[in-house]
Amino acid sequence: MSNYSARQQPVHRGAAAWNAILGSLPPAQELDTHITADFAVVGGGFAGLTAARRLLQLQPGARVVVLEAGRVAEGAAGRNSGFMIDLPHDLSSSDYSGSGDDKAMIALNRQAIAFARGAVEEYQIDPNYFDPVGKVNGAASAAGQTHNESYAKHLTELRETSEMLDAQQMYELTGSRHYVSGLYTPGTVMLQPAGYVRGLSAGLSGDGVKVCENSAVIGFEKQGDAWLVKTHRGSVSAGAVLLTVNGHLESFGIERGRLMQLFLYAVMTPELDEGDLSRLGGQSRWGVTPSDPMGTTMRRIDTGQGGNRIITRTCATLRPNMKVSKTDLARATKVMQRKFDKRFPQLAGIQMEYKWAGHLCLSLNGVSVAREIEEGVFSGCVQNGLGTARGTLTGIAAAEMACGHSSDITRFFAGADKPRRLPPQPFREIGANMVLRWKEWRAGDE
């Protein structure tokens with residue numbers, strides 16, 4: 001193809017709360033001139049910053065430029081729930097059990113976690129932002145408990161550790177009587193995602209990586225032996241381009257009609273005062289994913305992560321144009337307020353300080369796009385709703401492929417099928433959103 005133009009740029013709805021609660025960032029360094037590099041990384045989220053670090057590991061002294069459309073941690077990387085999960089977490093299944101080689105995927109996810117842990121240590125990122133405490137699948141009904149029992153059986157078959165929690169243990173953990181049981185698994189890392197990404201960006205800058213923010217790539221083309229990557233105010237001439245833009249891969253004309261552009265929604269409370277905390281009870285940090293993948297995710301954080309707050313996440317909409325409306329966010333906010341009030345009647349009515357949408361990208365067959373697109377252009381995209389771990393893996397893969405390095409990670413992605421073609425519009429959007437609403441209703445109290 002040799003010439004790529006971006007049809008659109010990322011559009012965000014609502015504040016990136018994880019970033020906002022950490023305070024202001026230093027002024028952005030924008031690309032406002034022409035520079036030369038060995039590698040140009042497009043996208044400064046989990047995948048892009050991971051790719052930059054892996055490039056330096058493989059080629060010390062390489063000239064690496066990261067081009068981020070907005071500010072670091074303002075995009076999808078600052079809008080997720082911060083669960084870096086090692087075990088199977090297939091959002092299309094009823095109980096998260098995977099449909100492929102789960103043992104291989106677990107091993108890869110643990111490589112991603114180890115890579116992130118290494119970055120935390122190397123760049124002295126606040127350990128509060130990388131907390132290896134595990135997570136709980138919360139069940140609020142008999143159906144939810146059945147899902148958890150099915151998943152626990154699957155984990156036992158994989159020889160993985162899990163522990164069933166009863167209603168009292170769930171209450172002691174969360175302060176909520178909503179849950180009838182839970183399934184604890186120890187391998188998940190709970191991130192403060194914006195804090196981790198900000199720390200990773202700062203560490204890379206200290207290592208010589210040029211991280212350019214507010215520098216959206218509008219296109220790139222082959223010029224001689226190099227690729228010319230253009231932004232509104234500058235350009236980079238690079239030997240290789242790494243696209244780490246998740247669903248915006250489609251914006252560059254790649255895998256059109258094959259990527260599902262999905263948005264999830266979340267809200268965050270104001271900082272809870274002493275009276276709120278006394279009424280709430282429970283522990284100061286925890287993460288609960290729903291036993292039904294279409295249920296409600298809850299997290300509680302403390303002062304080390306940006307204040308004593310509770311985050312609620314649920315609702316999903318498919319938006320092929322990669323934009324959500326005010327109406328989409330307003331509807332989801334009402335649902336999440338209701339979910340919060342039901343779980344925490346002792347805090348019912350607290351008005352949420354932050355409300356936002358986060359962009360995910362999935363494929364029908366659950367595959368990522370981590371491969372060489374054409375000579376000198378590499379993709380580390382399509383994270384299938386698992387942005388922290390899968391984004392780390394696709395970033396590693398893109399960097400290793402760009403350097404001609406082979407590993408378990410590159411072999412895994414190289415052996416994957418292409419994303420399946422989606423139904424045509426308008427059936428895709430109408431049909432998918434009807435299914436999502438039905439699944440949301442079916443999840444009930446979960």
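This briefing covers a cavity, a helix, several salt bridges and one buried residue. The model is predicted. A search of the whole structure turns up 1 cavity of 30 Å³ or more. The count of salt bridges comes to 22. Helix α2 is mostly covered, and Val197 in helix α6 is in contact with residues that include Phe46 and Leu49.

**The cavity**

- The largest cavity has a volume of about 40 Å³.
- Its lining consists of Asp131, Val133, Met190, Arg285, Trp286, Arg299, Arg300 and Gln305.
- Sorted by class, that lining has 4 charged, 3 nonpolar and 1 polar residues.
- Rolling a probe the size of a water molecule over the atoms shows where empty space is left.

**Helix α2**

- Helix α2 runs over residues 46-58, which makes 13 residues.
- At 1.5 Å a residue, the helix should span 18 Å, and its end C-alpha atoms are indeed 18 Å apart.
- Of the 13 residues in α2, 11 are buried.
- The buried stretch begins with Phe46, Ala47, Gly48, Leu49, Thr50 and Ala51.
- Ala52, Arg53, Arg54, Leu55 and Leu56 are buried as well.

**Val197 and its surroundings**

- Val197 is found in helix α6, which covers residues 193-206.
- Its relative accessibility is 0%, so Val197 counts as buried.
- Leaving aside neighbours within four places in sequence, Val197 is in contact with Gly44, Phe46, Leu49, Val72, Ala73 and Ala77.
- Two of these partners, Phe46 and Leu49, are also among the buried residues of α2.
- Tyr184 is 13 residues from Val197 along the chain, and their C-alpha atoms are separated by 26 Å.

**Salt bridge: Arg233 and Asp32**

- The side chains of Arg233 and Asp32 meet in a salt bridge, at 4.0 Å from N to O.
- Arg233 lies in the loop between β12 (226-231) and β13 (235-243), and Asp32 in the loop between α1 (17-20) and β2 (34-42), so the pair ties together parts that are 201 residues apart in sequence.
- Arg233 is exposed, because its relative accessible area of 52% is over the 50% cut-off.
- Asp32 has a relative accessible area of 47% and is partly exposed.

**Salt bridge: Arg110 and Asp86**

- Arg110 and Asp86 form a salt bridge, with their closest N and O atoms 2.9 Å apart.
- This pair links distant parts of the chain, 24 residues apart.
- Arg110 sits in helix α3 (residues 102-122), while Asp86 is in the loop between β4 (83-84) and α3.
- Arg110 counts as partly exposed at 35% relative accessibility.
- Asp86 is buried, with a relative accessible area of 3%.

**Salt bridge: Asp445 and Lys342**

- Asp445 forms a salt bridge with Lys342, and the closest N and O atoms are 2.7 Å apart.
- Here too the pair links distant parts of the chain, 103 residues apart.
- Asp445 belongs to the segment after α11 (427-443), and Lys342 to helix α8 (residues 326-343).
- Asp445 counts as partly exposed at 34% relative accessibility.
- Lys342 is partly exposed too, with a relative accessible area of 47%.

**A salt-bridge network**

- Glu255, Arg258, Arg371 and Lys418 are joined into one network by salt bridges that share partners.

Notes: Residues numbered from 1 in each chain as written. Predicted model: local features only at pLDDT ≥ 70, side-chain atom pairs only at ≥ 80, totals over all residues. Heavy atoms only, no water. 1 Å grid on protein atoms, 1.4 Å probe; cavity = no way out; pocket = protein on both sides within 12 Å on 5 of 7 lines; lining within 4 Å. Points joined across faces, edges and corners; volume = space filled by probe spheres on them. Nonpolar A, V, L, I, M, F, W, Y, C, P; charged D, E, K, R; others polar. Helix = DSSP H or I, 4+ residues; strand = E, 2+ residues; numbered from the N terminus. Expected span 1.5 Å × (residues − 1). Buried < 20%, exposed > 50% of the residue type's maximum accessible area, 1.4 Å probe, protein only. Contact = heavy atoms within 4.5 Å.
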